[in-house]
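Me: I should like to learn how the features of a structural model are read. Could we take them one at a time?

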Amino acid sequence: MQHSKILILDFGSQVTQLIARRVREAHVFCEVHPCDVSDDWVRAYAQDGTLKGVILSGSHASVYEDSTDRAPQAVFELGVPVLGICYGMQTMAQQLGGKVESGHTREFGYAEVRAHGHTALLQDIADFTTPEGHGMLKVWMSHGDKVTELPPGFEVMASTPSCPIAGMADEARKYYAVQFHPEVTHTVQGQALLNRFVLDICQASPDWIMGDYIEEAVQKIREQVGDEEVILGLSGGVDSSVAAALIHRAIGDQLTCVFVDHGLLRLNEGDMVMEMFEGKLHAKVIRVDASELFLGKLAGVSEPEQKRKIIGGLFVDVFKAEAAKLKAGDGGHKGATFLAQGTIYPDVIESGGAKSKKAVTIKSHHNVGGLPEQLGLKLLEPLRELFKDEVRELGVALGLPRNMVYRHPFPGPGLGVRILGEVKKEYADLLRRADAIFIEELGNFVDEATGKSWYDLTSQAFTVFLPVKSVGVMGDGRTYDYVVALRAVQTSDFMTADWAELPYALLKKVSGRIINEVRGINRVTYDVSSKPPATIEWE
């Protein structure tokens, strides 16, 4: 199927991904590419007629510096609508004959923008109206430079007292630009503005729907794999689980999943994974119990990054050993030639950004590259076009249980980074039981105002094991046992997060159950740190 598409050119903003997510939320397919693609590349990208519009992202740079990036000139010659955001507005202005200068007043944070001229982009979109009848938008600004002279053909579309040209439009050519960021949640009408651009101005078809996408994805997998065999490392996480379910839907027994149990999973998690994939989906799953191997190698190691490296390295070693057996083939099997991975689109964008040096690299991703070359296998990544929320929608459409697909994130090293300091089996067993109680009670406790459970109202919640002992009293006796900390956060993008203000009655219930039911723990604390300055995980 040929989807309408929007091209997003990335000038290095940390929130470019959010633009793509908002466009996808309008059910329109879009892709992010570096801003320094060539004019020929842009023309070739538009050649099949599916390109309906272009969005130019923000950046930390200034457009008037000689070394900074410009949009490929071909963007303005395609005849499709263009939307510039922040730096994208400034480079549009500069390239089309306007002027950009360093601002005397920098704007970072909340602002109220007045709309002008009833342009197609902002028509009837406002947060409130002033007594004089001016439509006002509550937005998020993040800029030091500003457009001081409009390019020929443009009119002012929005303004603030310190930024007279906070938005501009050339309606004849369908070029629009805003100095604020519609992609962030702080801009209240941001989704409405982006919907207006992609659906009404670009007239892109809202046909990017996960339930419909399954057949398309299944067809692609069958074409890529043919009659060959595929190995997939199943972790029990959302991405690998949905990838496994999708590939199994496409090729059935040509897929073999390898589930490495490193002994640092949540309570009964290994059994649940096997029951789902082997029991209900009837997929071929090899379960490898490597818990003794992992715990043995982690003995005496307390430094967090070292623990991560040991767990990651061992996982690869164990998986490679299993893959080698499957690759060699046995009995009637020809041997696997493909390695499937649950790589998703943010991994691809961030790794691409790291290569192009446009964005400041926040982290590298284990999913992208590396392992296939070591194993001598071809790569199959059926989720690489999808964002996490789309992966979850796809999982539900494939028939995976909602509680599995919408589970909170769980780190690859598992409980290894939720046990502070040295990892011991005793600690892991205590933590597993305490964490299960916390998660269970979050699910049981419903917020009256929203009708949702506190598990659904938090983005990530878990228990951390502290390797310290404290004095307590049980009955008439003195105890000297371990301490755990509860952690629950709320966030829209995991870049920043607030600690969740859980009801005291819920915390009281959880604390009482853990201390009474998990012998070896006699004190429960609650973490009230936000990100930043703290991170979500403790290690």
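Reply: We begin with annotated positions. UniProt positions are given here in the numbering used for this chain, and such annotations may be inferred rather than shown by experiment. The model itself is predicted.

Me: Which residues does the UniProt annotation "active site" cover?

Reply: According to the UniProt record, an unreviewed entry, the annotation "active site" covers C86, H181 and E183. These residues span 98 residues in sequence, yet no two of their C-alpha atoms are more than 11.0 Å apart, so they gather at one spot.

Me: Where is C86 found, and is C86 buried or exposed?

Reply: For burial, the cut-off is under 20% relative accessible area. C86 has 4% relative accessibility and therefore counts as buried. Its place in the chain is the loop that links β4 (82-85) to α3 (87-95).

Me: How is H181 placed, and with which residues is H181 in contact?

Reply: H181 sits in the loop between β10 (175-178) and α4 (190-201). Because its relative accessibility is 6%, H181 also counts as buried. Neighbours within four places in sequence are left aside when contacts are listed; H181 then touches V15, I85, C86, W140, S142 and T187. One of these partners, C86, belongs to the annotated "active site".

Me: In which element is K138 found, and how far in space is K138 from V188?

Reply: K138 is part of strand β7 (residues 135-149). The C-alpha atoms of K138 and V188 are 6.0 Å apart, although 50 residues separate the two in sequence. V188 is among the contacts of K138, which also include Y110, A111, D127, F128, H186 and T187, again without neighbours within four places. The residue is partly exposed, because its relative accessibility is 32%.

Me: How are two packed helices described?

Reply: Two packed helices are described by the angle between their axes and the distance between the axes. Here, the axes of α6 (residues 238-251) and α12 (residues 388-397) come within 10 Å and cross at roughly 45 degrees. That angle makes α6 oblique to α12. The crossing of α6 past α12 is left-handed.

Me: Which residues make the contact between α6 and α12?

Reply: From α6, the contact is made by V238, D239, V242, L246 and R249. From α12, the participants are K388, V391, R392, L394, G395 and A397. By character, the contact residues divide into 6 nonpolar, 1 polar and 4 charged.

Terms used. Residues are numbered from 1 along each chain as its sequence is written. This is a predicted model: local features need pLDDT of at least 70, side-chain atom pairs count only at pLDDT 80 or more; totals for chains, interfaces and linings use all residues. Side-chain values use heavy atoms; hydrogens and water are left out. Helices (H or I, at least four residues) and strands (E, at least two) are DSSP runs, numbered from the N terminus. Buried means under 20% relative accessible area, exposed over 50%, partly exposed in between (1.4 Å probe, protein chains only). Contact means heavy atoms within 4.5 Å. Axes are lines fitted to C-alpha atoms, for helices over the stretch in contact, and angles run from 0 to 180 degrees between N-to-C directions. Angles under 35 degrees count as roughly parallel, over 145 as roughly antiparallel, 65 to 115 as roughly perpendicular and the rest as oblique. A crossing is left-handed if the near helix is turned anticlockwise from the far one by less than a right angle, and right-handed if clockwise. Ala, Val, Leu, Ile, Met, Phe, Trp, Tyr, Cys and Pro count as nonpolar, Asp, Glu, Lys and Arg as charged, and the others, Gly among them, as polar.
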